[in-house]
Amino acid sequence: MLSTRLHNAINAQVNAELWSAYLYLAMSLDAEAKGYKGVANWFYVQFQEEQAHARIFMNYLNSRDAKVELLPIEGVPSSWESVLDMFKQTLEHEKKVTSLINNLAAIANEDRDFASINRLNWFIDEQVEEEESARDMIFTVESVEGDKYGMYMLDKELAARVYNVPSPLATAE
Ligand code: MG
């Protein structure tokens, strides 16, 4: 059985992942409004991934016979100064998510809840990738800064990003 503390913390994480989804959806809409359809697509894929993260935690709570309680989702900003600003905030946000996931793993360790540790290990690896991809995007956008044609080409490239179902969902559903 999950400890009450871990149950509540994972339930809060469901909300945090849905908030992340909401944040990236807002960035996608703002990018679209600014004329960057490729950037909008990149953030839309990010939005889909965050919904999947929430689903993975929901499935996990269900599988442990622990009830999911959906909490209100806080509002998000609706516009950003620039595309670069969006990716910088993405990195800052993902660093916060990493610390939330680490906190869950610390609780699972204290509980000696090995099934939860296993599930959280997937998220620990995922956060390394999330931070790396945000850093890569910052580097890429900075390298075309002030170059309209470069930004146009980058936007075209980002339009090709596709959503892939994360492995825990590919087998769980
Ligand atoms: Mg996430």
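In what follows, a residue counts as buried under 20% relative accessible area, as exposed over 50%, and as partly exposed in between, with a 1.4 Å probe and protein chains only. The model is predicted, so that local features need pLDDT of at least 70 and side-chain atom pairs count only at pLDDT 80 or more, while totals for chains, interfaces and linings use all residues. Residues are numbered from 1 along each chain as its sequence is written, and side-chain values use heavy atoms, with hydrogens and water left out.

**Exercise 1. Two loop residues with positive phi**

Task: Decide whether D65 is buried or exposed, and then do the same for R112.

Solution: Begin with D65, which lies in the loop between α2 and α3, where helices are DSSP runs of H or I with at least four residues, strands are runs of E with at least two, and both are numbered from the N terminus. Its phi is near 60 degrees, a positive value in a residue other than glycine. D65 has 74% relative accessibility and therefore counts as exposed.

Next, turn to R112, which lies in the loop between α3 and α4 and has a positive phi of about 50 degrees although it is not a glycine. Its relative accessible area is 61%, so R112 is exposed.

**Exercise 2. A buried loop residue**

Task: Find which residues A66 touches, not counting those up to four places away in sequence.

Solution: A66 lies in the loop between α2 and α3, and it is buried because its relative accessible area is 7%. Taking contact to mean heavy atoms within 4.5 Å, A66 touches L2, H7 and L61. By contrast, the C-alpha atoms of A66 and E131, 65 residues apart along the chain, are separated by 30 Å.

**Exercise 3. The magnesium site**

Task: Name the residues that coordinate the magnesium ion, and work out where E50 and H53 lie.

Solution: The donors, which are N, O and S atoms within 2.8 Å of the metal (3.2 Å for Na, K and Ca), do not include water, because water is not among the atoms, so sites may look incomplete. With that in mind, E17 (OE), E50 (OE) and H53 (ND1) coordinate the magnesium ion at 2.1 to 2.2 Å, and the spacing of these donor residues in sequence is E-x32-E-x2-H.

E50 and H53 both belong to helix α2, where they are three residues apart, about one turn of the helix. E50 has a relative accessible area of 2% and is therefore buried, and H53, at 1% relative accessibility, counts as buried too.

Finally, E50 is also a partner of S20: leaving aside neighbours within four places in sequence, S20 is in contact with E50, H93 and V97. S20 lies in helix α1 (residues 4-33), and its relative accessible area of 0% is why it is buried.

**Exercise 4. How α2 and α4 pack**

Task: Determine at what angle helix α2 (residues 37-63) and helix α4 (residues 114-143) pack.

Solution: Axes are lines fitted to C-alpha atoms, for helices over the stretch in contact, and angles run from 0 to 180 degrees between N-to-C directions. The angle between α2 and α4 is about 170 degrees, and their axes are 12 Å apart. Angles under 35 degrees count as roughly parallel, over 145 as roughly antiparallel, 65 to 115 as roughly perpendicular and the rest as oblique; α2 and α4 are therefore roughly antiparallel to each other. Among the residues that make the contact are W42, H53 and F57 of α2 and R119, W122 and M137 of α4.
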